[in-house]
Amino acid sequence: HLFFLPPALGLAPGESALLDGWLQRGVGRGAGGGEAGACRPPVRQDPDSGPDYEALPAGATVTTHMVAGAVAGILEHCVMYPIDCVKTRMQSLQPDPAARYRNVLEALWRIIRTEGLWRPMRGLNVTATGAGPAHALYFACYEKLKKTLSDVIHPGGNSHIANGAAGCVATLLHDAAMNPAEVVKQRMQMYNSPYHRVTDCVRAVWQNEGAGAFYRSYTTQLTMNVPFQAIHFMTYEFLQEHFNPQRRYNPSSHVLSGACAGAVAAAATTPLDVCKTLLNTQESLALNSNITGHITGMASAFRTVYQVGGVTAYFRGVQARVIYQIPSTAIAWSVYEFFKYLITKRQEEWRAGK
């Protein structure tokens, strides 16, 4: 380690302290620190401008990405869960007259007033349980593939193609872990849901529809989330180039970029989200218009949505979806970037102190 060089060179205490300070600013921060920083050239920066954020994560471990991703995913879903409940209900194709809402705030107020304060939070526990591992895999896979593909496509720079491709592959792992939790969550969120506990819902779905019901919407979820995440990550990285060209840890730029990226991606993929909700909930009134009994597959879901509500039905809940995604992605990115920065910085300080 470079930190052990001054005594070996016989430098005076003042010279040793000066070199230590230079190393901590130039190598420990600018180049990623420790052994990881020695593997690549230092990053040019103003010594007084603070740590170069983008240089730090390059030396971050997979564990760092997974921990930061898990925390971000859990917080994102927990904070935005009441709006998610409203979104699920507003996407209902033939809602009960008591569950017809004009907008998100009116829906949330009526749910609390008529069904209880904690009704919008039903199913939160299963969502948090699924979101942790799902987002850990998601961000770790994205970071690894983004770097690998960028080195191939655009060495030394940022590639939008690499960002989009990495997001698509990461989605495969995320949805595989999250889909069963989504099924249970959305069934518990529906108006007049017979399920009050997660275990009751899981048992009923397993006994009545089989294990396959937990992945009935997986292909539709992928069909929705692959373009969603491609748009999401490409927009986020594009905005980061404009708002944060130095790629430092900048909370405001992460929040703004995340919010804009989530809004664009959410609006573009709303029709697919409506079909996913229908496959997950198997809405009874919609089933009455489907002679096959169960709605299975994306084609069947698209056909049923059109039969029940026409073209406009594909955009049910678009307002709630965009309102949900703007703060949701802002929270996810800002929390993820913060914990990635914090954990990596602590790891560098620990290496420097060894």
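These are my notebook entries on a predicted model of one protein chain.

**Entry 1. Overall make-up**

I started with the secondary structure. I found 15 helices and zero strands in the protein chain. I then looked up burial for the chain, which has 354 residues, and buried residues make up 51% of them. For the surface, I noted that the chain exposes about 16300 Å². Carbon and sulfur atoms supply 65% of that area. I also checked how far apart in sequence the contacting residues lie. Taking contacts between residues at least 6 apart in sequence, I noted that 74% join residues at least 24 apart.

**Entry 2. The nonpolar core**

Next I looked for nonpolar cores. The largest has 27 residues, and Val86 and Trp333 are those with the most contacts inside it. I listed the elements that give two or more residues to this core: α4, α5 (81-90), α6 (104-115), α7 (124-153), α8 (160-189), α10 and α15. Helix α15 gives the largest share, six residues. I add the general remark that in soluble globular proteins nonpolar side chains tend to be buried together.

**Entry 3. A nonpolar patch on the surface**

I then turned to nonpolar residues at the surface. Val62, Met66, Leu137 and Leu173 make a nonpolar surface patch of about 300 Å². I picked Met66 for a closer look and placed it in helix α4, residues 62-79. Is Met66 buried, partly exposed or exposed? Met66 counts as partly exposed because its relative accessibility is 31%, and the partly exposed class lies between 20% and 50%.

**Entry 4. Salt bridges**

I counted salt bridges and the total came to 21. I looked at three pairs and one network.

The Glu106 and Arg110 pair came up in helix α6. Their closest N and O atoms are 3.1 Å apart. Because the two residues are four apart in helix α6, about one helical turn separates Glu106 from Arg110. I checked accessibility for the pair, and both Glu106 and Arg110 are buried.

The second pair is Lys146 with Glu237, whose side chains meet in a salt bridge at 3.4 Å, N to O. This pair links distant parts of the chain, with Lys146 in helix α7, Glu237 in helix α10 and their positions 91 residues apart. I recorded Lys146 as buried at 12% relative accessibility. Glu237 is also buried, with a relative accessible area of 2%.

The third pair is Arg187 with Glu209, at 2.7 Å from N to O. Arg187 lies in helix α8 and Glu209 in helix α9, so this salt bridge ties together parts that are 22 residues apart in sequence. The two partners fall into separate accessibility classes: Arg187 is buried, with a relative accessible area of 8%, whereas Glu209 counts as partly exposed at 23%.

I also noted one network, in which salt bridges that share partners join Asp84, Lys87, Glu182, Lys185, Asp273, Lys276 and Arg321.

**Entry 5. Arg216**

Glu209 led me on to Arg216. Arg216 sits in the loop between α9 (198-209) and α10 (218-243). Which side chain does the side chain of Arg216 meet in a polar contact? I found Glu209 there, at 2.8 Å. Glu209 is thus a partner of Arg216 in a polar contact and of Arg187 in a salt bridge. Setting aside neighbours within four places in sequence, I listed the contacts of Arg216 as Arg187, Glu209, Leu279, Gln282, His294, Ile295 and Thr296. Although Arg216 lies in a loop, I recorded this residue as buried because its relative accessible area is 13%, and the buried class is under 20%.

**Entry 6. Asn179**

I went back to helix α8 for Asn179. Asn179 has 0% relative accessibility and so counts as buried. Not counting residues up to four places away in sequence, I found that Asn179 touches Phe214, Tyr215, Ser217, Tyr218 and Gln221.

**Entry 7. Val311**

My last lookup was Val311, in the loop between α14 (298-309) and α15 (318-353). Val311 counts as exposed because its relative accessibility is 53%, and exposed means over 50%. I also recorded its separation from Pro271. Val311 and Pro271 are 40 residues apart in sequence, and the C-alpha to C-alpha distance is 9.4 Å.

Terms used:
Residues are numbered from 1 along each chain as its sequence is written. This is a predicted model: local features need pLDDT of at least 70, side-chain atom pairs count only at pLDDT 80 or more; totals for chains, interfaces and linings use all residues. Side-chain values use heavy atoms; hydrogens and water are left out. Buried means under 20% relative accessible area, exposed over 50%, partly exposed in between (1.4 Å probe, protein chains only). A polar contact is a pair of N or O atoms within 3.5 Å; within protein, one must be able to donate a hydrogen and the other to accept it, and residues adjacent in sequence count only if both atoms are side-chain atoms. Contact means heavy atoms within 4.5 Å. Patches are made of residues with over 30% relative accessible area and no salt bridge: like charges are joined within 9 Å, nonpolar side chains (Val, Leu, Ile, Met, Phe, Trp, Tyr) within 5 Å. Accessible areas come from the Shrake-Rupley method with a 1.4 Å probe; for residues, only the protein chains shown count as cover. A salt bridge is a side-chain nitrogen of Lys or Arg within 4 Å of a carboxyl oxygen of Asp or Glu. A nonpolar core is a set of buried Ala, Val, Leu, Ile, Met, Phe, Trp, Tyr and Cys residues joined through side-chain atoms within 4.5 Å.
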